[in-house]
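Hi there,

Here is the structure I promised to pass on to you. Please have a look at it first, and then read my notes underneath.

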Amino acid sequence: MTKGSTGDAARHVAIIMDGNGRWAQKRGRPRLFGHHAGSKRVRQILQSCPRLGVKYLTIFAFSTENWKRTQEEVAGLMALFRKYILKEAKNLKKNGVRVRFIGDRVRLEESLVDLMDNLEMLTSDNDLVHLTIAINYGGRDEVARAAQRLAYDVKAGRLLPKDIDEQTLPKYLDTHVLPDPDLLIRTSGEARISNFLLWQSAYSEYDFVDTLWPDFTPEMFEEALERFSKRTRKFGSIPA
Ligand code: IPE
Ligand code: IPE
Ligand code: MG
């Protein structure tokens, strides 16, 4: 990415898929109905990525704070993740999508973690689009876990404190193989980051969209990418 350039396509797009609950409530339906509708959008948005030049798509599915919701909603979401993996695995593999999961797996049920591991392995040779799904993910939690692993490496003599810098630390993050997001979209009209990709989004462009996630179409996605391409990224410098 050239410094201070306008017109570049967004290679890595991160999305905070917000508004499923309100979408369902507006229809007098339970919140989980909205989550199911939301998962259908994921398929469409993902499908549009190759055409739109998006190589990396990272989506926020469940935050470390979402455990505060009712047991019913949490269980329903976990069941939905299972269903999504089982249903989509073959297509993802066939369509060249490489899937990765970020977040702390320790608190997730073993059967779900097994499905996640298997899907990562199944799609590990794919390279058309890189889909990263954040489950039990929190930016602060990720940095804290990274710091812990880093401390162990220092203790074991594998790393010197003086060598810890901006290049070393991200190697310990869950996202270590991914580029930083160019564009971060949040649907539902809320203008906050809710603990998503704190380190990685330092220089991302933000786009807060006033549409609830289950209503977010590939056309709206394309419009967001167009808005992005008109922005000037400066990275602290003065554009020529
Ligand atoms: C986002 O939709 C999906 C998850 C957090 C799992 P919400 O469930 O937060 O929907 P709203 O914000 O309550 O409408
Ligand atoms: C962020 O949405 C998490 C996901 C989209 C998975 P939330 O709905 O949980 O965020 P807040 O509570 O509005 O900040
Ligand atoms: Mg929400």
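**Two asparagines with positive phi**

N195 sits in the loop that joins strand 5 (183–186) to strand 6 (205–208); helices (H or I, at least four residues) and strands (E, at least two) are DSSP runs, numbered from the N terminus. Its phi is near 70 degrees, which is a positive value in a residue other than glycine. With a relative accessibility of 12%, N195 counts as buried (buried means under 20% relative accessible area, exposed over 50%, partly exposed in between, with a 1.4 Å probe and protein chains only). N136 also has a positive phi, near 50 degrees, and is not a glycine. N136 belongs to strand 4 (residues 129–137), and its relative accessible area of 4% makes it buried.

Before going further, some background: this is a predicted model, in which local features need pLDDT of at least 70 and side-chain atom pairs count only at pLDDT 80 or more, while totals for chains, interfaces and linings use all residues. Residues are numbered from 1 along each chain as its sequence is written, chains are lettered from A and ligands numbered from 1 in the order in which they are written, and side-chain values use heavy atoms, with hydrogens and water left out.

**How the helices pack**

I looked at three helix pairs, starting with helix 2 (residues 31–52) and helix 3 (residues 71–94), whose axes come within 10 Å and cross at roughly 25 degrees. Axes here are lines fitted to C-alpha atoms, for helices over the stretch in contact, and angles run from 0 to 180 degrees between N-to-C directions. Helix 2 and helix 3 are therefore roughly parallel (angles under 35 degrees count as roughly parallel, over 145 as roughly antiparallel, 65 to 115 as roughly perpendicular and the rest as oblique). Their crossing is right-handed; a crossing is left-handed if the near helix is turned anticlockwise from the far one by less than a right angle, and right-handed if clockwise. On the helix 2 side the contact is made by R31, L32, H35, H36, S39, V42, R43 and L46, and on the helix 3 side by E72, E73, G76, L77, L80, K83, Y84, K87, E88 and L92 (contact means heavy atoms within 4.5 Å). By class, this contact has seven nonpolar, four polar and seven charged residues, where Ala, Val, Leu, Ile, Met, Phe, Trp, Tyr, Cys and Pro count as nonpolar, Asp, Glu, Lys and Arg as charged, and the others, Gly among them, as polar.

H36, in helix 2, is partly exposed at 30% relative accessibility. Leaving aside neighbours within four places in sequence, H36 is in contact with L80 and K83. Its C-alpha is 8.7 Å from that of P214, although the two are 178 residues apart in sequence.

Helix 3 also meets helix 4 (residues 110–122): the axes come within 10 Å and cross at roughly 20 degrees. That pair is therefore roughly parallel, with a left-handed crossing. M78, F81, R82, I85, L86, A89, L92 and K93 of helix 3 touch S111, L112, L115, M116, L119 and L122 of helix 4. These residues divide into 11 nonpolar, one polar and two charged.

For helix 2 and helix 6, the axes come within 9 Å and cross at roughly 45 degrees, which makes the pair oblique. The crossing is right-handed. Helix 2 contributes R41, Q44, I45, S48, C49, R51 and L52, and helix 6 contributes P218, F221, E222 and L225.

**The nonpolar cores**

Which residues touch the most other members of the largest nonpolar core? Among its 43 residues, they are V13, I15, L57, L131, I185 and F221; a nonpolar core is a set of buried Ala, Val, Leu, Ile, Met, Phe, Trp, Tyr and Cys residues joined through side-chain atoms within 4.5 Å. Helix 3 supplies the largest share of this core, eight residues. Apart from it lies another core of nine residues, including I16, F60, I102 and L197.

Not counting neighbours within four places in sequence, I15 is in contact with I45, L57, T58, I59, F60, I185, F196, W213 and F221.

Finally, A224 is in helix 6 (residues 218–229) and counts as buried at 0% relative accessibility. Beyond residues up to four places away in sequence, A224 touches L183, I185 and D207.

Best wishes
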